[in-house]
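Here's a quick tour of this fold, starting from the inside and working outwards. Keep the viewer open as you read.

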Amino acid sequence: QFTGKFTRVSSENYDEFLKALNVGFLLRKAASASTPVMEITESDGNWTMKTSTSMKTIELKFKLGVPFEEDTTDGRKCETTVTMEGNKLITNQKAIKKGDKDVTAVREFADDKLTMTMTVDGVTSTAVYKRE
């Protein structure tokens, strides 16, 4: 249920979310204009979450519940942990550098779609991805 390929079909409050992360105007415009495709695979407890846009591809490799170091697209260094709760994958990014922000992303899986909710400083953005 968690694995597969998903394409973003809608997003709301994404610009506000990126502003709260201190992402600059040009990067925000580029991020909002892109259509990300998310591919999630799993083998023997090793997960890969690959998000691709026309500009770049980000690949996260992880085991559930095991913290790993992540360099985020907006330039933060985080200790990131992914956990599973029911039909949700929950990603917690804890910023390593003082002054950087923590982000929580919840991916909720249904038969034909994935709903991703990202929160930083009380600002939430929701995106819907269609299962291919």
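The largest nonpolar core in this predicted model has 27 residues, and F17, M38, I40 and L114 are the ones with the most contacts inside it. Helix and sheet both chip in: α1, β2 (37-43), β3, β4, β8, β9 and β10 each supply at least two residues of this core.

M38 is a good place to park the camera. Leaving out residues up to four places away in sequence, M38 touches G4, K5 and F6, then M49, K50 and T51, and also R107, L114, M116 and Y129. Two of those names, R107 and M116, turn up again as bridge partners, with M116 sitting in β9.

Now for the sheet itself. It is an open sheet of 10 strands with antiparallel pairing, and the order reads β4-β3-β2-β1-β10-β9-β8-β7-β6-β5. What happens at the edges? β4 and β5 (68-71) stand there with a single partner strand each, so one side of each has no neighbour in the sheet. On average, neighbouring strands are turned by 25° against each other, direction ignored.

At the β4 edge, β3 (residues 46-52) and β4 (residues 57-62) pair in the antiparallel sense over six bridges. The two form a hairpin with four residues between them, and S52 has T57 in β4 as its bridge partner. Further along, strand β8 (residues 103-109) runs antiparallel to strand β9 (residues 113-120), and six bridges join them. When you look along any of these strands, remember that side chains in a regular strand alternate between the two faces of the sheet.

On to the charged side chains. The structure holds nine salt bridges, and three of them are listed here.

| Salt bridge | Closest N to O distance |
|---|---|
| R28 and D15 | 2.9 Å |
| E69 and K77 | 3.6 Å |
| K101 and D121 | 2.9 Å |

The R28 and D15 pair links distant parts of the chain: R28 belongs to helix α2 (residues 25-33) and D15 to helix α1 (residues 14-20), 13 residues apart. Is R28 buried or exposed? R28 counts as buried because its relative accessibility is 10%, and the cut-off for buried is under 20%.

The K101 and D121 pair is a loop-to-loop affair. K101 lies in the loop between β7 (88-95) and β8, while D121 lies in the loop between β9 and β10 (123-131), so the salt bridge ties together parts that are 20 residues apart in sequence. D121 is exposed, at 55% relative accessible area. Back at the helices, salt bridges that share partners join D15, E16, K19, R28 and K29 into one network.

As for the remaining pair in the table, E69 is exposed, with a relative accessible area of 56%, whereas K77 counts as partly exposed at 37%.

One last stop is S34, in the loop between α2 and β2. Although it is a loop residue, S34 counts as buried, with 13% relative accessibility. Its side chain reaches the backbone oxygen of A31 at 3.0 Å. Setting aside neighbours within four places in sequence, S34 is in contact with R8 and T53.

How values were computed. Residues numbered from 1 in each chain as written. Predicted model: local features only at pLDDT ≥ 70, side-chain atom pairs only at ≥ 80, totals over all residues. Heavy atoms only, no water. Pairing = 2+ DSSP bridges. Axes fitted to C-alpha atoms, helices over the stretch in contact; angles between N-to-C directions. Salt bridge = Lys/Arg side-chain N within 4 Å of Asp/Glu carboxyl O. Buried < 20%, exposed > 50% of the residue type's maximum accessible area, 1.4 Å probe, protein only. Core = buried A, V, L, I, M, F, W, Y, C linked by side-chain atoms within 4.5 Å. Contact = heavy atoms within 4.5 Å. Polar contact = N/O pair within 3.5 Å; in protein donor to acceptor, adjacent residues only side chain to side chain.
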